[in-house]
Amino acid sequence: MGEQNLILKRKLVIQSFLPLFIFIFIRYFDAFISLACSLYGITAMWQFKSMQMSGFVDAGEEIVIEEEITDSGITFFMTFVLPLLLDDVETLRGFIIFTGILGLVIRLMWTTHLYYQNPILTLLGYRIYKFRFLNPVMDGCRDKTMIAVCRTGIAEKKI
């Protein structure tokens, strides 16, 4: 995975928690870390559009869409953001536990490649597809399922 893709992946993971950071900042107005993470998430939202084609080179491959993932944003929000928002971060012990759980969730998203399960992408109108190449140019893409995050639909078998 190229460096630009790692930057994009990191931004998508942080962007996933943007609602959590904003709500925590509103709830505990003095939470500087939450404000900093909120600003980083908002910046990532704007940068995502320009980085969207990171590493993409059109070599004439055809694709087959295996699945359009439509429930990832709400699933992520209900599974991770909402429960973390209800945590008590006013005490030192509560803050340490909250930070530890958030760190574990971010690490799991990173290592399991679930960074695309992002409620912000859904709110911004992006669509997420699992697809594979019919005639991949690169050997590393043969028989692999890929993830596409795009603003518009993808036409199957379109070169």
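**Exercise 1.** Describe the salt bridge in which the side chains of Arg132 and Glu66 meet, and place both residues in the chain.

*Solution.* In this predicted model, where local features need pLDDT of at least 70, side-chain atom pairs count only at pLDDT 80 or more, and totals for chains, interfaces and linings use all residues, start with the distance: N to O is 3.1 Å, and a salt bridge is defined as a side-chain nitrogen of Lys or Arg within 4 Å of a carboxyl oxygen of Asp or Glu. Next, locate the partners: Arg132 lies in strand S2 (residues 127-133) and Glu66 in strand S1 (residues 63-69), 66 residues apart, strands being DSSP runs of E with at least two residues and helices runs of H or I with at least four, numbered from the N terminus. Residues are numbered from 1 along each chain as its sequence is written, and side-chain values use heavy atoms, with hydrogens and water left out.

**Exercise 2.** Which residue forms a salt bridge with Arg127?

*Solution.* The partner is Glu68, with the closest N and O atoms 3.0 Å apart; Glu68 belongs to strand S1 and Arg127 to strand S2, 59 residues apart. Glu68, at 33% relative accessibility, is partly exposed, a class that lies between buried (under 20% relative accessible area) and exposed (over 50%), with a 1.4 Å probe and protein chains only. Arg127 is likewise partly exposed, at 34%.

**Exercise 3.** Leaving aside neighbours within four places in sequence, with which residues is Phe17 in contact?

*Solution.* Taking contact as heavy atoms within 4.5 Å, the partners of Phe17 include Phe76, Phe80, Leu102 and Met109.
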